[in-house]
Amino acid sequence: MAKKRYAMVIDLHRCVGCAACDIACKAENNVPVEFHWSNHIVETRGTFPNTTFRYIPTLCNHCENAPCVTNCPTTAMYKAENGMTLHDANKCIGCRLCQLACPYGVIFFNKDTPHANYRDSQAAIPGATFSGREMAERTQAPLPYYNPARAETYAGVRPRGVVEKCTFCDHKVAVGEDPACVTACPADARLFGDLNDPESKPAKALARHRPRVLQRDKGTQPHVFYIREYGKA
Amino acid sequence: MDTELILTLQRGVIWDERVVGDLFLGGVGVGAFLFAFLLWRFAEERYLPLVKVAATIAPVSVSAGLGLLFWKLGNKLNVHQMMLNISPTSVMWWGAIIQGAFVALSALFAFRLLFPQVSLPRVLSASVAGFLGVPFAVAVGIYHGLLLAVLTSHPLWASGPMIVTSVLLFTVTGVAASVLVYLALRAAVRFETGPSDIFAQGLKPVALVLLASAALLLVTLFAWWVDLRFGSVPARLALQAMLAEHGIVLAVFGIGFGLLVPIVIGISLLPHFGAGRTPSAALVGLACLLLLVGGFTIRYAAVIGGQLPTPLSVMATLS
Ligand code: SF4
Ligand code: SF4
């Protein structure tokens, strides 16, 4: 059987810019508040009534030719057999070279122990609300929305001093599910699957529509494709 | 209304002053080693004190730089992972190996010169350490240029002149640091053998090498500017951003005080080398100090300025 080559297609005609993907990603992957594995670029151009608006969801592109991987001195950042770019927090020395090498700004570094807001004993409204620490203690989890399933293939919460990034929800894909952002999208704008399978949703979408990628000139060969950009063929 | 673009990225520079320090000290060390080796092999006995100083600077400086880099690592306890995992596509991985070997060889070279009376096996002679150390020194110098140049997402770094700048920087700063420390030690402990004016006359070729390297560095910096200014849109934007943030510091301390003033001092001192005349040690020292300040400033502007965020208009390019 041919090797899998996972990819995502984002249909910009369908995307409504609700950011449900971003929220779902945070909850699924225990992503710190200030990090954005699933992110978006918003562009507003022109003067009313001649204006254009672009909303481009972004995430790790799981590049075929990933500079984050080639530059990593410990192989902590690596390409999996199925085309995903994954990260092993146990090997990471926190040199941040991958962050510098990635042209897309999708890698984040834990300067401090993450989720500081759930170790803080100060209540948001003193005398009225829980403090973050109380909340974490009562839920008996490092953070109230902690998802233990994440820890099956990656550090559940990535420790201080290492980087972290989108993994295409490899833990979900391993059990035959779609990444959380795909499931959460209310407009079915995200299609995920194996590009080597011509019957997969992304393969079919790419056969019908001209695929675009971010910063093509960087030669990274992204595996996140955008179709049907407004105003473009 | 102008185009407005929003993307929330992690704030702050990724590689800070500690990496600047590592690259700077690494360059000093490599330059000092090559300088020591060449003087030791091809110059006369009277240069031995200067050779010893330069040879000692080499391992100390590179080790100090590595120490700064180690300090910068987020997860220091994992550093052994670099040895456990082979990562041949990573310039940094090669750098760790090459620099480790260089520190060992240059330390042995310095030890043999400083303590020739200590008897060690022949295979550990200064000659063996020196000859083996030269290719490693060159490799460390190239590594320092390549480390940044391979990061094509940073147009300020990914250019040919960047590598040449790096090589010239190690020549200039390595020699300048050696001469400066030598002069300071000579003033403090008067350890030189032989009449100092004869020695100073012999320094003329060294001064010429320094002058030529500094002048070449100026030309290379200009080539770097031309490469970016007339390059791709991202390159132009990166240059603009760097100059807006660090342009004045680069112009004043990197180019003005750091290169032009020492070149002028050097040229004015040239007639004083030889014919029984001795150049002012204070002026030579000042020129060397300024070259070091210039070298550090150029590194600083390149490393920190090269990390200014890529314009969002570039990041949002779909094609
Ligand atoms: S988008 Fe960045 S982090 Fe993801 S694979 Fe490409 S280079 Fe690596
Ligand atoms: S920060 Fe970690 S993953 Fe990134 S390059 Fe360094 S060791 Fe590799």
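The following exercises, each with a worked solution, concern a predicted model.

**Exercise 1. Aromatic pair in chain A**

Classify the ring pair Trp37(A) and Tyr154(A), and state which parts of chain A the pair ties together.

Solution.
1. A pair of aromatic rings is described by the distance of the centres and the angle of the planes.
2. For Trp37(A) and Tyr154(A), the distance is 6.2 Å centre to centre and the angle between the planes is 40°.
3. Ring centres must lie within 6.5 Å to pair, and planes neither under 30 degrees nor over 60 degrees apart count as tilted. The pair of Trp37(A) and Tyr154(A) is therefore tilted.
4. Trp37(A) belongs to the loop between α1 (20-29) and β2 (39-47), and Tyr154(A) to the loop between α4 (132-139) and β7 (163-164), so the pair ties together parts of chain A that are 117 residues apart in sequence.
5. Trp37(A) has a relative accessible area of 2%, and Tyr154(A) one of 6%. Buried means under 20%; Trp37(A) is therefore buried, and Tyr154(A) is buried.
6. Over all chains, the count of aromatic pairs comes to 18.

**Exercise 2. Aromatic residues of chain B**

Determine the geometry of the pair Phe37(B) and Phe109(B), and place the two residues in chain B.

Solution.
1. The ring centres of Phe37(B) and Phe109(B) are 6.2 Å apart and the planes stand at 55°, so this pair is tilted.
2. Phe37(B) is located in helix α1 (residues 17-42) and Phe109(B) in helix α4 (residues 91-114); the pair thus links distant parts of chain B, 72 residues apart.
3. Both Phe37(B) and Phe109(B) are buried.
4. The two residues are members of one aromatic cluster, together with Phe33(B), Trp40(B), Phe102(B) and Phe131(B).

**Exercise 3. Arginine over aromatic faces**

Identify the ring over whose face Arg18(B) lies, and do likewise for Arg229(B).

Solution.
1. Arg18(B) lies over the face of Trp71(B), 4.9 Å from the ring centre.
2. Arg229(B) lies over the face of Phe230(B), with 5.1 Å to the ring centre.

**Exercise 4. The largest pocket and the largest cavity**

Describe the lining of the largest pocket and that of the largest cavity.

Solution.
1. Rolling a probe the size of a water molecule over the atoms shows where empty space is left.
2. The largest pocket has a volume of about 690 Å³. Its lining comprises 30 residues, and the closest to its centre are Leu9(B), Gln10(B), Gly12(B), Ile14(B) and Pro309(B).
3. α3 (97-101) of chain A and α11 (312-315) of chain B each supply at least two residues of this pocket lining.
4. By class, the lining of the largest pocket has 17 nonpolar, 10 polar and three charged residues.
5. The structure holds seven cavities of 30 Å³ or more, and the largest cavity contains about 220 Å³ of space.
6. Of the 17 residues lining the largest cavity, Ala207(B), Leu210(B), Gly266(B), Val284(B) and Ala287(B) lie nearest its centre.
7. In chain B, α8 (204-229), α9 (233-269) and α10 (281-305) each supply at least two residues of the cavity lining; α8(B) gives the most, with five residues.
8. The lining of the largest cavity divides into 16 nonpolar residues, one polar and no charged.

**Exercise 5. Ligand shells**

Give the residue classes around ligand 1 and around ligand 2.

Solution.
1. Of the 13 residues around ligand 1, Cys60(A), Asn61(A), Cys63(A), Cys68(A) and Cys102(A) come nearest. The shell of ligand 1 divides into nine nonpolar, three polar and one charged.
2. The residues that surround ligand 2 include Cys72(A), His87(A), Cys92(A), Cys95(A), Arg96(A) and Cys98(A). The shell of ligand 2 has eight nonpolar, three polar and one charged residues.

Definitions and conventions: Residues numbered from 1 in each chain as written. Chains lettered and ligands numbered in written order. Predicted model: local features only at pLDDT ≥ 70, side-chain atom pairs only at ≥ 80, totals over all residues. Heavy atoms only, no water. Phe/Tyr/Trp six-rings, centres within 6.5 Å; stacked < 30°, edge-to-face > 60°. Helix = DSSP H or I, 4+ residues; strand = E, 2+ residues; numbered from the N terminus. Buried < 20%, exposed > 50% of the residue type's maximum accessible area, 1.4 Å probe, protein only. Lys NZ or Arg CZ within 6 Å of the ring centre and 35° of its normal. 1 Å grid on protein atoms, 1.4 Å probe; cavity = no way out; pocket = protein on both sides within 12 Å on 5 of 7 lines; lining within 4 Å. Points joined across faces, edges and corners; volume = space filled by probe spheres on them. Nonpolar A, V, L, I, M, F, W, Y, C, P; charged D, E, K, R; others polar. Near = heavy atom within 4 Å.
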